Each structure stands twice: as structure tokens, then as C-alpha cells.
Amino acid sequence: MNYISVIERYHDYKNPIHELMASIMAGAFDEAFFNDDTSLVKSMKWLRHNYPFVDLMFTLDNQGVQLSPNISSKSISHKNFGVGKGVDRSYRPYFIKANDNDGIVVTEPYLSTSSHNLCISTALKYKDKSGHVIGFLVLDIDLAHAIEFLMGDNKRKRFHPLFISVYSCIVVGLFCIVGILLYSAGSEIVSLFISPSAEDLQSKPFGIIIFLTLALAIFDLGKTTMEEEVLMQKDIFRHSSTRRTITRFIATILIAISIEALLLMFKSVLGSPEYLSSAVAMMGASAALLVGLGIYVYLGAKAEVLLKGNMFQKELIK
């Protein structure tokens, strides 16, 4: 998911995400973390196994200076310990918020200085029996991965590279067909200039236009598939994403049918009246397709507005 989709999904599931973060922090906390980095590593291994979206774990002293190194899956696998230790984190949102509160706090999304991805942090202030602040435990999660985890999208994500490969192969095939059609159209154009005849000048231009029209339609189809399924980070849970893909696909077909209908109409005017009925039928089909597309776009947009309104009402009730 891109950053806009992540932020939108965060606001849709803000309360469950915050509750999940608080429960993870409550279950993972151990006062030994402030004296032993090994216990942090063991806890991080357990968290990564059960909550794969947990990205980082570390402790701070009462002034916001980092006590432990950054404990992450990368540091565990590469044994790259020591990174981050001694860095002043007092200006970061999790320290500011946790320093003003005694319970578990969860931040709003921000850009992580470690992973450079959108993340949210949960922090807990730890005090000794006399009330003296010993330090703070901080957990960072990758927000996009957390949303995918909550929505049950992890399994689909594993197959995503395969889907991209298949779509890429299909697009390459479509572009090859486009090349063949353009070559055929170019050959016909060259033959008209080399050895034109009166009959060819009347009939061949229509064949050339058909080749070019099919090439245009297939190229648009390949381009749409490439943009929607390969290049763009499409959020499949958004109705607008699916609606955009279908709209672009139907619009491509609509253009192709309309051009073919015009060609048949021209042929009937130039002395081939047998094409008139087919031209009228194709014109009617393109008009019906346009009306159907308009109804689909209108109803889809209206349904999405209603869904967003219902979700907003649920948030107000909470």
C-alpha cells in the first residue's frame, strides 16, 4: 500500500491498532530490559514470530537518551548490535507523549528514522517503588504491515510477486501483438505508396484503420494492466481502486467499438449498404456500453460515500 492508503486505513482501524499496540506492550514488558540487552533480544525474537509487523524495540533513560541498541529483526540476524545506543530521542513523539503520561501511550503515524517507513510507536514509562523514573520501553511497528496483518492480507502478499510476474508476461505479450498490428498497418501503407490502384485506395485505408484501432485498444489494455497491476501499489480493499480499473478497461473497449462502428458506417456510405445494419447495431452497443459505464461509476461512487459515512458514524458512537 502507498502512504495515502496506509493513512486512510489507519484512520479506519485506529482504535483496534492502538488497542493491539497497548496489549503487545503490556505483554512484552519486563523490568530486566533496562539492565540486560539479551532479554530484549529474546523478547524481540518472540514478538517477531507472533507479530511480524513489530519493527524495532529499545529502551531510553529518564532524559530520553537511548540506553539499549536498536533491537530489530535485521540486528538479530546480522548481529549488528550497538546501533542507536546513546542517541538523544527526547525530541521524538513517543518520548514526549510517554514522559507526560504514566500509562501506555501510542503515537500517531510518523516517518521512522530507522526504516524510513510510516510507523507508529508505543511507549511505557517505568518507575521504581519510590516513584523515580528508571526509563522508557519503546516499540515501533511498520504501519503498513500491521494493517495487512489485521486485515488478513499476509497470505496474499506472499503471492504478490508471482502475480506481478504473470501480469508482466501478459503485458509483454499484448505489446508484441501491438507491434505485429503496427507492422501490418505500416506494410499496407507502404504498398499504397509503391503500387496504388483505384480499388486499393478505396478499400485498404479501412483495413489500415482497423489494424491501427486494434493496436490502440490492445496497447491501452496493456498499458492499463501494467499501471494498475504492476507499477501502482493498488489497495484492493478500496472500492475506488477496483472501479478505476474496470472504468479504464471498459473505456478502452468503448473507444474501439465506436471507431469500428464509424468505419462500417463509412463503408455503407461508400457503396456497401450491407454494412449499415451492423454499423447501427455497433453504434447502439457503444451507446448502451457508455450508459452502463456511467451508471456503474455513479452507483459505485455513491456506495463508497455511504460506506465511509457508516464508518464515520461508528467512530462517533465509539
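**Exercise 1. Find the partners of strand β4 in this predicted model.**

Solution. Let's start on one side of the strand. Strand β3 (residues 110-111) runs antiparallel to β4, and the two are paired over 2 bridges. On the residue level, tyrosine 110 has cysteine 119 of β4 as its bridge partner. The connection between β3 and β4 is a hairpin with 6 residues between them. In that turn, histidine 116 has a positive phi of about 65°.

Next, look at β2. This strand also pairs with β4 in the antiparallel sense, over 2 bridges. Here valine 106 is found opposite threonine 122 of β4.

Finally, turn to strand β5 (residues 133-142). Its pairing with β4 is antiparallel and covers 9 bridges. Within this pairing, isoleucine 120 faces isoleucine 141 in β5. The β4 and β5 hairpin has 5 residues between the strands, and glycine 131 adopts a positive phi near 90° there.

**Exercise 2. Decide how far β4 is enclosed by the rest of the structure.**

Solution. Count the buried positions, taking buried as under 20% relative accessible area. Of the 10 residues of β4, 9 are buried, so the strand is largely enclosed by the rest of the structure. Now compare this with a single residue of the strand: lysine 127 lies in β4 (residues 118-127), and its relative accessible area of 34% makes it partly exposed.

**Exercise 3. Describe the salt bridge between lysine 127 and aspartate 102, and say which parts of the chain it ties together.**

Solution. Begin with the distance: the side chains of lysine 127 and aspartate 102 meet at 3.2 Å, N to O. Then place both ends. Lysine 127 belongs to β4, while aspartate 102 sits in the loop between α5 (93-99) and β2 (105-106), so the salt bridge ties together parts 25 residues apart in sequence. For the surroundings, aspartate 102 has 54% relative accessibility and therefore counts as exposed, being over the 50% cut-off. One more step widens the view: Asp102, Lys125 and Lys127 are joined in a network of salt bridges.

**Exercise 4. Locate two salt bridges that lie inside a helix, out of the 6 in the whole structure.**

Solution. Take helix α1 (residues 3-12) to begin with. Arginine 9 and aspartate 12 are both in this helix, 3 residues apart, or about one turn. Their side chains form a salt bridge at 3.9 Å, N to O, which falls within the 4 Å cut-off. Arginine 9 is buried, with 6% relative accessibility.

Now move to helix α8 (residues 198-231), which holds glutamate 227 and lysine 223, 4 residues apart and again about one turn of the helix. The closest N and O atoms of this salt bridge are 3.2 Å apart. Both ends are partly exposed: glutamate 227 has a relative accessible area of 22%, and lysine 223 is at 33%.

**Exercise 5. Work out which elements build the largest nonpolar core, and which residues have the most contacts inside it.**

Solution. A general point helps: in soluble globular proteins, nonpolar side chains tend to be buried together. The largest core here has 28 residues, and Met57 and Ile120 have the most contacts inside it. Two or more residues come from each of α1, α2 (14-28), α3 (37-50), β1 (54-60), β4, β5 and α6 (143-150). The biggest contribution is that of α2, with 6 residues. Apart from this core there is another, of 13 residues, including Phe58, Val105, Ala123 and Val133.

To zoom in, follow isoleucine 120. Leaving out residues up to four places away in sequence, its contacts include Tyr10, Ile17, Met21, Val106, Leu139 and Leu143.

**Exercise 6. Give the packing geometry of α1 and α2.**

Solution. Two numbers are needed. The helices pack at an angle of about 80°, and their axes are 5 Å apart. α1 and α2 are therefore roughly perpendicular to each other. As for the residues that meet, Tyr10, His11 and Asp12 in α1 touch Lys14, Ile17 and His18 in α2.

**Exercise 7. Characterise the surroundings of leucine 264.**

Solution. First, place the residue: leucine 264 is part of helix α9 (residues 239-269). Second, check accessibility, which at 16% makes leucine 264 buried. Third, list its contacts beyond four places in sequence: Tyr275, Ser278, Ala279 and Met282. For one of these pairs, leucine 264 and alanine 279 are 15 residues apart in sequence, with their C-alpha atoms 5.1 Å apart in space.

Terms used: Residues are numbered from 1 along each chain as its sequence is written. This is a predicted model: local features need pLDDT of at least 70, side-chain atom pairs count only at pLDDT 80 or more; totals for chains, interfaces and linings use all residues. Side-chain values use heavy atoms; hydrogens and water are left out. Buried means under 20% relative accessible area, exposed over 50%, partly exposed in between (1.4 Å probe, protein chains only). Contact means heavy atoms within 4.5 Å. Two strands pair if DSSP finds at least two bridges between them. A nonpolar core is a set of buried Ala, Val, Leu, Ile, Met, Phe, Trp, Tyr and Cys residues joined through side-chain atoms within 4.5 Å. Axes are lines fitted to C-alpha atoms, for helices over the stretch in contact, and angles run from 0 to 180 degrees between N-to-C directions. Angles under 35 degrees count as roughly parallel, over 145 as roughly antiparallel, 65 to 115 as roughly perpendicular and the rest as oblique.
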